[in-house]
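Q: Please take a close look at one turn in this model and the two elements it joins. I would also enjoy a walk through the surroundings.

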Amino acid sequence: MKNGLLIVCSMVLLTATGATAQEANPAGGEAATLAEKAAVEERNKQIARQFYEQLWFSDNTDAYADFVADQYVVHDVGTRKNVTEDAVEQKNVADLFHSFGHLSGEIDWQMADGDMVATRWTISLDASPEAAQMGMTSVEDVPIINVFRFNDEGRIVEIWNHRHDVDLPRPGGPPPAAN
């Protein structure tokens, strides 16, 4: 009887311990622990910071391949909605902006959730005389929010771009009519 009671108690204890472990890690041994998830999120935030610091804030656009997968999906304005692009396109876009004059920026904050990182940053441009002749104006601290999705290797595979265009300079006159 004592042995039977000991076995039942042991089974209850093992079952309870197993249930607690599954609640904390519902997918079993294959799922990442909370500490592993936090480490991946921190890694992705750091990669996103380096992406801005090198490509946008310091004109080191050749480093694009360190951050972006060979191909990625972009969600932007105009013809760049839900488009798959080669990684070099991030270099091309950054080079274009750098060609307008002195480009700088600053990261305000970041949030991570799983494989996604949202970064709010500001961009400033001191337009060159040549860019000004083409109609480009200097801007200061225009807010942008980007959301990046990362693959397991820490490369950006998807980008959502949200600019706060109301902070951009506008030509004089009445606002354009709504469509």
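A: Let's start right at the hairpin: β1 and β2 form it, with five residues between them. Gly78 sits in that turn and has a positive phi of about 65 degrees. Please keep in mind that this is a predicted model.

The two arms of the hairpin are β1 (68-75) and strand β2 (residues 81-86). They pair in the antiparallel sense, and five bridges hold the pairing in the assignment. If you would like one pair to find on screen, take Val73, whose bridge partner in β2 is Thr84. In a regular strand, side chains alternate between the two faces of the sheet.

Now follow the chain out of β2. Ala87 is found in the loop between β2 and α3. Ala87 has a relative accessible area of 7%, so it counts as buried, the cut-off being under 20%. Setting aside residues up to four places away in sequence, Ala87 touches Tyr64, Val68, Ala69, Asp70, Gln71 and Tyr72. Another pair to look at is Ala87 and Asp66: they are 21 residues apart in sequence, with their C-alpha atoms 9.8 Å apart in space.

Next comes helix α3 (residues 88-99), where you will find Gln90. The relative accessibility of Gln90 is 6%, and therefore Gln90 counts as buried. Beyond its neighbours within four places in sequence, Gln90 is in contact with Val68 and Tyr72, and also with Phe51, Leu55, Arg80 and Ile159. Val68 and Tyr72 are also among the residues that Ala87 touches.

Phe51 and Leu55 bring us to α2, where both are buried. The other buried residues of this helix are Glu41, Asn44, Lys45, Ile47, Ala48, Tyr52 and Trp56. An α-helix has 3.6 residues a turn, so residues three or four places apart point the same way. The buried residues of α2 pack against β1, one arm of our hairpin, as well as α3, β3 (101-113), β4 (116-127), β5 and β6 (156-163). The length of α2 can be checked too: its 23 residues should span 33 Å at 1.5 Å a residue, and the end C-alpha atoms are 32 Å apart, which agrees.

Between α2 and β1 runs a loop that holds Asp59. Phi of Asp59 is near 60 degrees, a positive value in a residue other than glycine. Most residues other than glycine have a negative phi. Asp59 counts as partly exposed, at 44% relative accessibility. Asp141, in strand β5 (residues 139-150), also has a positive phi, near 55 degrees. Its relative accessibility is 42%, so Asp141 counts as partly exposed.

Helix α2 (residues 34-56) also gives the most to the lining of the second largest pocket, with five residues. That pocket has a volume of about 200 Å³. Lys37, Val40, Glu41, Arg43 and Asn44 are among its lining residues, along with Gly114, Asp115, Phe150, Asn151 and Asp152. By class, the lining comprises five charged, three polar and two nonpolar residues.

Finally, step back to the whole chain. It has four helices and six strands, in the order α-α-β-β-α-β-β-α-β-β along the sequence. Of the 179 residues, 33% are buried. Among contacts with a separation of 6 or more, 51% come from residues 24 or more positions apart.

Technical notes
Residues are numbered from 1 along each chain as its sequence is written. This is a predicted model: local features need pLDDT of at least 70, side-chain atom pairs count only at pLDDT 80 or more; totals for chains, interfaces and linings use all residues. Side-chain values use heavy atoms; hydrogens and water are left out. Buried means under 20% relative accessible area, exposed over 50%, partly exposed in between (1.4 Å probe, protein chains only). Contact means heavy atoms within 4.5 Å. On a 1 Å grid over the protein atoms alone, a cavity is a set of points where a 1.4 Å probe fits but cannot get out, and a pocket is an open set with protein on both sides within 12 Å along at least five of seven lines; lining residues have an atom within 4 Å of a point. Grid points are joined across faces, edges and corners, and a volume is the space filled by probe spheres set on the points. Ala, Val, Leu, Ile, Met, Phe, Trp, Tyr, Cys and Pro count as nonpolar, Asp, Glu, Lys and Arg as charged, and the others, Gly among them, as polar. Two strands pair if DSSP finds at least two bridges between them. The expected span of a helix is 1.5 Å times one less than its number of residues.
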